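User: Hi! I am new to protein structures, and I would like to learn what lies behind the labels people attach to them. Could you take me through a few?

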Protein chains: 2
Amino acid sequence: MNEVSINDILHSNKFLDKKVSISGWVKTFRANRFIALNDGSGLDNLQCVIDFENTDDEILKSISTGAAINVSGSLVSSQGSQQNVELKVDSCKILGDCNPETYPIQPKKHSFEFLRENAHLRTRTNTFGAVMRIRSNLSFAIHDYFKNNGFYYVHTPIITASDAEGAGEQFRVSTLDMKNPPIDDNGKIDFKKDFFGKETNLTVSGQLEAEAYAMSMGKVYTFGPTFRAENSNTSRHLSEFWMIEPEVAFMDINGNMKLAEGFLKYILSYIVKNNIEDLKFLENRLIVEEKQKPQNERGELTLIEKLKFVIENEFKIITYTEAFEILRNCKPNKKKKFKYLIDDWGTDLQSEHERFLVEKEFKCPVIIYNYPAKIKSFYMRLNDDKKTVRAMDILFPGIGEIVGGSEREERLDVLLKRIKKVGIDEKELWWYTDLRKYGTAVHSGFGLGFERLVMFATGMSNIRDVIPFPRTPQNAEF
Amino acid sequence: MNEVSINDILHSNKFLDKKVSISGWVKTFRANRFIALNDGSGLDNLQCVIDFENTDDEILKSISTGAAINVSGSLVSSQGSQQNVELKVDSCKILGDCNPETYPIQPKKHSFEFLRENAHLRTRTNTFGAVMRIRSNLSFAIHDYFKNNGFYYVHTPIITASDAEGAGEQFRVSTLDMKNPPIDDNGKIDFKKDFFGKETNLTVSGQLEAEAYAMSMGKVYTFGPTFRAENSNTSRHLSEFWMIEPEVAFMDINGNMKLAEGFLKYILSYIVKNNIEDLKFLENRLIVEEKQKPQNERGELTLIEKLKFVIENEFKIITYTEAFEILRNCKPNKKKKFKYLIDDWGTDLQSEHERFLVEKEFKCPVIIYNYPAKIKSFYMRLNDDKKTVRAMDILFPGIGEIVGGSEREERLDVLLKRIKKVGIDEKELWWYTDLRKYGTAVHSGFGLGFERLVMFATGMSNIRDVIPFPRTPQNAEF
């Protein structure tokens, strides 16, 4: 292990004129003399200057892009304008060479499609290194925020026998022999003989279990993988993705909105503070990419400006009914420019409507709350109007919905009626309804799709490029 | 949401003589006057003193164990010996009552079996509240340690088409119709028609994918769920459990041992510092439990002593061959007290042998390394003797193996030979072998079963009691 990382060396003066030994991978080798070395600790490379006249030819030949080498020497002030410090190499060892003829990651621009096929190597590029460092720091910031605010982390189950949450299609988990499954007396698959003694699936949400923990530990959150078996082959959907779900006792919908806003601002601030080099790199990448687009499709703000805009501005809070009125009367609706026209109160908002509100009408993140009950889940707190529930969605520019949450229905009688109405057997939810029988209280929470957040934070436009090894229909490589 | 938590109030003087409003659950209600209130923020309750003569009878009747209430009043110095501060209640509101006749969590001792059946309520007990707070803080300490030491967090995939790691039986993930699965020309299930276009399973380890990331980002770790479909109905096995897997480039087996020891000491120190009340409670619980056992089966150290012993002492490092010699010549082996006698070099060590080394021979955590190649995985670095591999296991008192790791085979030719030997098609591992083709380097890592760690840290003896909703054969409730 490197005793000192390249990131440390480049961000501290204390190593100047010191001897160090560093292992890393060659990014480029210029003029038989300048090695740009990277050990994975950060975006910037260490310039290593090798005395080619006194170095073995075999070694010089092996110093090529992608090769792993160990160099030792002294850190000296650099003459070059690109860096303050460079390594004067005394000795260089080849750890693992890298055939330039066959190495997939050439020192040139590769398409993201090509890099997805080489997901095991793509973090060797600047773009994916930056994306994954930001992903890692966002994860840490999430734990840090909740820890600082008195939340406990709960690992809710991944394999679940309950499909009551109803958030989407599920993957079945089984050890039964698919060619000769046991059949019961009714001619159906006999899941009693399966591993768990019943039919089991991959979870779509840890919310219901998190509620159980909130009703004893007060403030809790989950951060784990969730699954959707929908055949959605888009740049916004994954079959396996990570979700953060805080759940808080004694908190109503207003507290929920405040929590979500404070939380999002904290974690985005964290990366602006801790990943500024990565962000600048990705910002420039995006500027170059956007130049390919027609003027009117380009973003008005750069990546970092967009992050700061979210951090520094208050989110706009409006009810569904207010949003509905704005949309019904807006130009694109009147001129029938929307694909889905807004006519009747109660209709669900589509991505085009959400983007209009965020990007055209308010030009800031928007929280919409008090949605029509019929388009939202059974567990959301019914308002006194009996028509709306205390649901809230947070909409971000470019991304659309990034957070969905609600105050939960804490009244046993109302909850039971709504469970019945959506056709779930209440016995399946015996433990969930227990929470309303014994010491029930107002409580609320929300879900944040982690990859959507990473997309927003990095400016990447395909969700497959912000998770290490994406799972999508027809794709579970690596 | 409570603006100030009970945990804050009890651990700070700044709230004395202040007015507060607190919501929580009633733990006990004595003498129509003293409410022990808990909001989930910590083990200790806030004593709330209610003026029963001026309180409505209906309200007094509803203040029972498990009820959710809101109290407001002034925080004053307490006359009682149990606490420094208490709340003089001005007003009390019942949020959700709790029928003492039907509430499963009575203010008495419940068996852990009973509480497992009520896993949605069991964190309302002191024991499970303490266990889950420690679990949460251990999780945070893990992220904190890696963050402080320059590691990046990697979310490796849960659904995987690879079964090459071979760590255990796997659960199949599928959306095919089990009653009428598609059959191919060879009469086999046609997984090409399945969701991912091939047969997929739940991961048993993120190691191989973590290696890919280590070979570009240098120091990485995973912390996610892993799965075993073995039909092991024991107090030490779960079908779904969480694992931590660091992986570091340019680190050999010695660095790996140092990393693991430093890491374990850091995270255990963290809870000794941050969960001392929970630990004291669990320590006392354990002392009471152990009194039921015969003298010779009782632990020599209390829970906190055991944690400090690990934190303060160097781990004993021995080779497999040294361990083998000690075991072959020890009394229990000679007197044939072991179930599995140690005769021939190369045999795997059983739990009884590991416990002898840790608990009798060295009385401290033990690291055994350089295991016989034939009992270890294909990816472990072969030593020059061609007989042993650079594997290491860390053994803890009471728990046995808590960490398993190795230096990885970084030489392409040796790795390919070993892949062939274990009967895996090397094409399946094309991306894994790529890592040895392009800039290969020494690298190492280990896996830590999180629930084993929580067992050690809390003194709980059944692994089902340290994870919120355990999954085991025939059990996927909640």
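Analyst: Happy to help; below, each label is set against its definition. This is a predicted model, in which local features need pLDDT of at least 70 and side-chain atom pairs count only at pLDDT 80 or more, while totals for chains, interfaces and linings use all residues. Residues are numbered from 1 along each chain as its sequence is written, chains are lettered from A and ligands numbered from 1 in the order in which they are written, and side-chain values use heavy atoms, with hydrogens and water left out.

User: What makes Lys19(A) and Asp90(A) a salt bridge?

Analyst: A salt bridge needs a side-chain nitrogen of Lys or Arg within 4 Å of a carboxyl oxygen of Asp or Glu. In Lys19(A) and Asp90(A), the closest N and O atoms are 3.0 Å apart, so the pair qualifies. Lys19(A) sits in strand β1 (residues 19-30) of chain A and Asp90(A) in strand β5 (residues 85-96) of chain A, so the bridge ties together parts 71 residues apart in sequence. Strands (E, at least two residues) and helices (H or I, at least four) are DSSP runs, numbered from the N terminus. By the salt-bridge rule, the count over all chains is 42.

User: Why is Lys19(A) called exposed?

Analyst: Buried means under 20% relative accessible area, exposed means over 50%, and partly exposed is in between (1.4 Å probe, protein chains only). Lys19(A) has 63%, so it counts as exposed. Its partner Asp90(A), at 47%, counts as partly exposed.

User: Which residue does Asp465(A) pair with in a salt bridge?

Analyst: Asp465(A) forms one with Arg116(A), their closest N and O atoms being 2.8 Å apart. Asp465(A) lies in the segment after α14 (450-458) of chain A and Arg116(A) in helix α3 (residues 112-117) of chain A, so this pair ties together parts 349 residues apart in sequence. At 1% relative accessibility, Asp465(A) counts as buried.

User: How far apart in helix α2 of chain A are Lys61(A) and Glu58(A)?

Analyst: They are three residues apart in helix α2 (residues 57-62), which means about one helical turn separates them. Their side chains meet in a salt bridge at 3.7 Å, N to O, and both residues are exposed.

User: Why is α4(A) called oblique to α4(B)?

Analyst: The axes of these two helices, residues 126-148 in chain A and in chain B, come within 11 Å and cross at roughly 135°. Axes are lines fitted to C-alpha atoms, for helices over the stretch in contact, and angles run from 0 to 180 degrees between N-to-C directions. Angles under 35 degrees count as roughly parallel, over 145 as roughly antiparallel, 65 to 115 as roughly perpendicular and the rest as oblique. The crossing angle falls among the rest, so α4(A) is oblique to α4(B).

User: What is unusual about phi in Asp17(B)?

Analyst: Most residues other than glycine have a negative phi. Asp17(B), though not a glycine, has a positive phi near 70°. Asp17(B) is in the loop between α1 (6-10) and β1 (19-30) of chain B, and at 60% relative accessibility it counts as exposed. Gln474(B), also not a glycine, has a positive phi of about 70°. Gln474(B) is exposed too, with a relative accessible area of 51%.

User: How do you know that Glu261(A) is buried?

Analyst: Its relative accessible area is 13%, under the 20% limit, so Glu261(A) counts as buried. Glu261(A) is in helix α6 (residues 253-274) of chain A.
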